[in-house]
Amino acid sequence: MTGVSFDFTGQTIVVTGAARGIGRELARAFSDAGGTVYVLDHDEAAAASTAAELGAHAIGTDVSSSSSVEAAVARIIDDTGRIDVLVNNAGILRDTVLWKMTDEQWDAVLAVHAGGTFKMTRAVVPTMRAQGFGRIVNTTSYTGLHGNIGQANYATAKAGIIGFTRTAAKELARFGITVNAISPNAETDMVASVPAEKRAELIAAIPAGRFGDPAEMAAGVCFLASRAAGYVTGVVLPIDGGLSI
């Protein structure tokens with residue numbers, strides 16, 4: 001994050017889906033900024049590897065499971081006594097056209113994206129309320145507003161997260177807790193695997209002419225999570241090079 005400086009010293013930061021991709025860069029940014037970072041991911045081994053690299057802490061967590069979420073949050077509070085920032089980034093894909101989509105494919109995506117965002121948020125709110133301070137940043141998507149072929153489940157979940165973000169922002173503002181979301185567009189392993197012709201089409205639709213660097217996503221998240229953003233809540237921030245214009 002060249003040219004961008006944040007200080008999260010003394011704060012406890014929780015990032016879900018942080019073993020790889022955008023989540024990994026979010027965890028890195030918070031760690032570089034002095035935060036005590038917890039890397040939560042369903043892939044416990046990958047989470048441990050990322051945490052070791054970043055000087056963070058890893059907890060294998062299934063965000064679709066209330067018991068797994070509650071155990072992770074309880075451990076973090078036992079360790080540090082507080083949770084200042086939660087970034088809900090965990091997600092999965094189960095893509096297929098809707099007439100071929102199974103109940104399992106639908107339920108799994110909704111459970112991780114929408115269910116995980118809800119369950120993690122619910123679990124940290126009591127601590128944030130007691131502190132009189134908290135920052136929650138959710139990850140939504142351009143697809144949540146515009147749809148995408150083969151992603152009825154994903155689009156539904158991401159649209160739901162927008163509604164959840166705005167509702168939670170209204171409910172929690174009086175406790176000193178802000179709730180915002182980002183709509184990212186970054187170079188990830190998934191994007192790198194797209195065939196060259198399709199990739200060229202995707203880039204052509206981005207006014208900036210490129211995919212973002214995951215570190216650019218992290219800069220936006222760190223702002224929303226910072227004390228400087230205390231009067232910003234209920235916002236969905238596109239970090240997408242103009243794709244959503």
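1. A detail from one helix makes a convenient way in: setting aside residues up to four places away in sequence, Ala 155 touches Thr 143, Gly 144 and Gly 147. The model in which this is seen is a predicted one, and that should be kept in mind throughout the points that follow. Ala 155 itself belongs to helix α6, which covers residues 152-172. With a relative accessibility of 12%, Ala 155 falls under the 20% limit and therefore counts as buried. As a point of orientation, Pro 184 is 29 residues from Ala 155 in sequence, and the C-alpha atoms of these two residues are 14 Å apart in space.

2. Turning to the chain as a whole, a new reader will find nine helices and seven strands in it. The radius of gyration is 17 Å, close to the 18 Å that the globule rule gives for 245 residues, so the chain is as compact as a globular protein of that length. Taken along the principal axes, the box filled by the C-alpha atoms is roughly 50 × 45 × 35 Å.

3. Burial and contacts can be read together. Of the 245 residues in the chain, 50% count as buried. Among the contacts with a separation of 6 or more, 70% are accounted for by residues 24 or more positions apart. The area that the chain exposes is about 11,200 Å², and carbon and sulfur atoms supply 54% of that area.

4. As to charge, the chain carries 19 positive and 24 negative side chains, and the centres of these two sets lie 7 Å apart.

5. Strand β1, residues 12-16, deserves a careful look, since it pairs with more than one other strand: three bridges join β1 to β4 in a parallel arrangement, and five bridges join β1 to β2, again in the parallel sense. Five of the five residues of β1 are buried, so the strand is largely enclosed by the rest of the structure. In a regular strand, the side chains alternate between the two faces of the sheet. For β1, Thr 12, Val 14 and Thr 16 lie on one side and Ile 13 and Val 15 on the other, and all of these residues are buried, which leaves both faces covered.

6. Strand β2, made up of residues 36-41, is mostly covered as well, with five of its six residues buried. Its pairing with β1 can be followed residue by residue, for Thr 36 in β2 is the bridge partner of Thr 12, while Val 39 in β2 is the bridge partner of Val 15.

7. On strand β4, residues 85-88, Val 85 and Val 87 point one way and Leu 86 and Asn 88 the other way, and all four are buried. Besides its bridges to β1, β4 is joined by four bridges to strand β5, residues 134-139, and these two strands run parallel. Val 87 offers a useful landmark here: Val 15 stands opposite Val 87, and in β5 the bridge partner of Val 87 is Val 137.

8. Arg 28 is found in helix α1, residues 21-32, and at 23% relative accessibility it counts as partly exposed. Leaving aside neighbours within four places in sequence, Arg 28 is in contact with Glu 53 and Leu 54. Thr 117 is 89 residues from Arg 28 in sequence, and the distance between their C-alpha atoms is 21 Å.

9. Glu 216, which lies in helix α9, residues 214-225, is likewise partly exposed, with a relative accessibility of 33%. Apart from residues up to four places away in sequence, Glu 216 touches Arg 210 and Ile 239. Glu 216 and Leu 26 are 190 residues apart in sequence, yet their C-alpha atoms are 9.6 Å apart in space.

10. Lys 198 has its place in helix α8, residues 196-204, and its relative accessible area of 42% makes it partly exposed. Lys 198 and Ala 27 are 171 residues apart in sequence, and from C-alpha to C-alpha they are 30 Å apart in space.

Technical notes:
Residues are numbered from 1 along each chain as its sequence is written. This is a predicted model: local features need pLDDT of at least 70, side-chain atom pairs count only at pLDDT 80 or more; totals for chains, interfaces and linings use all residues. Side-chain values use heavy atoms; hydrogens and water are left out. The radius of gyration is taken over C-alpha atoms; the globule rule is 2.2 Å times the number of residues to the power 0.38. Buried means under 20% relative accessible area, exposed over 50%, partly exposed in between (1.4 Å probe, protein chains only). Contact means heavy atoms within 4.5 Å. Accessible areas come from the Shrake-Rupley method with a 1.4 Å probe; for residues, only the protein chains shown count as cover. Lys and Arg count as positive and Asp and Glu as negative; His and the chain ends are not counted. The place of a charge is taken as NZ of Lys, CZ of Arg, CG of Asp or CD of Glu. Two strands pair if DSSP finds at least two bridges between them.
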